[in-house]
Amino acid sequence: MKIMKVEGNHKLSGTIKISGAKNSSVALLPASLLADTDVTICNVPEITDTDVLCETLEYLGADVRRASESVVITPTIENKVIPQELTKKLRASYYFMGALLGKYKHVEIYLPGGCSIGKRPIDLHLKGFEALGATITNDDEGKYVVDAKELKGANIYLDIASVGATINIMLAAVLANGKTIIDNAAKEPEIVNIATYLNNMGAKITGAGTSEIRITGVEKLHGCYHEVIPDRIETGTYLIIGALVGENLKVFNVIPEHVEALTSKLQEMGVNITIGSDSIVVSSKESYKPVNIKTMVYPGFATDLQQPFSVLAARCNGKMKVEETIWENRFMHLPELEKLGMKVERTGMVATFTGPNKLKGAEVKATDLRAGAALVAAALAAEGETTITDVEHILRGYEGIVEKLTDVGAKIKIEEI
Ligand code: EPU
C-alpha cells in the first residue's frame, strides 16, 4: 500500500506542465481497435488507468508500444472476454463495449469498476446499442452479451447528456450502416477529441461539441496519428493549488477556454490569475471573497473540480456553498477535510463551508480520485505534516503528481508501507 506525505505551508513557484487528458485517453485507447492498421496516440498520460487499458489491449492481442508519451498500437486482436480483474479496475473499460460491438457486432464483457462516486448506471449506453439494432442479455455475474446481426444507424435521444454514453454510441455507430444522430449529446472537450480521432481514422462525424452529433457509418477505419488534449481537470487542480500556495505558479500546456468556468470563479473570489494563450499564472492571497458553485455539464463548473475547489473555502471570510448535481456520492472528502481543520455542514447535495480555517496536518484517506486531489491541495496549504492513505486513487488520474509538485517547491513524497 502507498501513502503520501506532505509537509505543508511552502510557497510553490515555477512551471507545471499539464499532461494529456485522462478522460480522453481512456476512450482513445479502446477506440484504437476500430482501426485496421497502426495508430499512434501522442500525449497519453502515464497513469494507472491508461496502463490498465494498454494491458487490456494487449490481452486482446494488440501490440502496444509505449515510447515516452506516445503509444503506438497495432490493433490486430481477437474478440474475447476481457477478465473481470481488468474491467473492474476502472470505469472506462466500458468503452471496449462500444468499440468491440462496432467492429465485431458482438461483445461479451463484465461491468466496469471505477470510483464509488455514485450509482453509475449504464442504461443509456445500452439503450443506444439497442437503438442501433443490438440485443442485450446479462447474467448474475455481471457479464453483458451484446449482439447484433447488423448495426443500423438510428436517431438516439439521451435522457441525460452522458459523457460515457455519447462516446460509447459514437464508437458503436462509426461502422454501422447508415446515419446515426445522437441528440442531447454531451459537449465535453473530450467528446470532440474522440470524434476527431475517429475522423482521423476515416469516420464521418460532425457536430461533436454541440448537443447534436451526426455520424454517417463507413465500411472501414484506418490507422492515424492523433494528439490527446491537455487535461482540463489536472489544469484546474493545479490552479486551485496555486490559489492556495502559489507564487507566480505557471500552469503550462493548457487550453484556457476549457477551464473558463473555474477561472471566472477564481477571478470572482479575487485570486490573482493571468491567462495567456496556453498558460495560466496564479498567485495566492491570504484571504478571498466566498463564492458559491453548482456543478453542471460542460461548459458549466466541472464536477471533477468540485472537491479540490472546496478547499479554497478555508481562505474565505464567510460561507461558501458547493452544490453537486452529477454524482450523489461526491462528498466523501468532507469528513477528511474536517480532520484538516475545515468547517462544513452538509444538507442533501449541498455542502456549506464556513471559513476562514487554519489548516493543520493530519492523517486522512483518499476515498476517490478527486477527493484525493482535494486532500493534496489542503495538505499543501496546511501547517505541519499530512499523511494521505489510499493514494492509489490519486495515481489513477494525475501523472507524475509528486515530481510536478516537487519541481515547484513542494515537500511531498510517496512511501510504500
Ligand atoms: N448516467 C445514467 N445512465 C447512464 C450514464 C450516466 O443515469 O447510462 C448518469 C450518471 O449516473 C451521472 C450522469 O448521468 O449522474 C453523468 O454521467 P456521465 O455518463 O456523463 O459520466 P461518466 O461518463 O461515467 C465521465 C468522467 C467522470 C466525470 C463525468 C462527468 C470518464 C472516464 N469519466 O464519467 O470523471 O465526472 O464524465 O463529467 O470520462 C473523474 O475523472 O474523476 C471522473 C469521475
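This briefing describes the ligand site of the structure and three unusual points in its backbone. The model is predicted. The ligand lies between domain 1 (2–18 + 230–416) and domain 2 (22–227), because both domains give residues to the shell around the ligand. The space that the ligand takes is the largest pocket.

**The shell around the ligand**

- The ligand is surrounded by 22 residues.
- Asp123, Ser162, Asp304, Ile326 and Arg370 are the closest of these residues.
- Sorted by class, the shell consists of eleven nonpolar, five polar and six charged residues.

**Polar contacts with the ligand**

- Isoleucine 326 takes part through its backbone: a polar backbone atom of this residue is 2.7 Å from an oxygen atom of the ligand.
- Arginine 370 takes part through its side chain, where a polar atom lies 2.8 Å from an oxygen atom of the ligand.
- Arginine 330 likewise has a polar side-chain atom 3.0 Å from an oxygen atom of the ligand.
- These three distances fall within 3.5 Å, the limit for a pair of N or O atoms to count as a polar contact.

**Cover and contributing elements**

- On its own, the ligand has 830 Å² of accessible area, and the protein covers 90% of this area.
- Five helices each give two or more residues to the shell: helix 1 (22–31), helix 5 (123–131), helix 6 (163–173), helix 10 (303–310) and helix 12 (369–381).
- Arg370, one of the closest residues to the ligand, falls within the range of helix 12 (369–381).
- Asp304, also among the closest residues, falls within the range of helix 10 (303–310).

**Unusual points in the backbone**

- Most peptide bonds are trans, and most residues other than glycine have a negative phi.
- Tyrosine 298 and proline 299 are joined by a cis peptide bond, with omega at about 10°.
- Proline 299 belongs to the loop that runs between strand 17 (293–294) and helix 10.
- A cis peptide bond also joins glycine 355 and proline 356, with omega at about 0°.
- Proline 356 is placed in the loop between strand 20 (350–355) and strand 21 (363–365).
- Asparagine 43 is not a glycine, yet its phi is positive, at about 80°.
- The loop between strand 3 (39–42) and helix 2 (48–59) holds asparagine 43.

How values were computed:
Residues numbered from 1 in each chain as written. Predicted model: local features only at pLDDT ≥ 70, side-chain atom pairs only at ≥ 80, totals over all residues. Heavy atoms only, no water. Near = heavy atom within 4 Å. Polar contact = N/O pair within 3.5 Å; in protein donor to acceptor, adjacent residues only side chain to side chain. Areas by Shrake-Rupley, 256 points an atom, 1.4 Å probe, with all protein chains shown as cover. 1 Å grid on protein atoms, 1.4 Å probe; cavity = no way out; pocket = protein on both sides within 12 Å on 5 of 7 lines; lining within 4 Å. Sits in = over half its atoms within 2 Å of the grid points. Helix = DSSP H or I, 4+ residues; strand = E, 2+ residues; numbered from the N terminus. Nonpolar A, V, L, I, M, F, W, Y, C, P; charged D, E, K, R; others polar. Domains from an automatic or database assignment.
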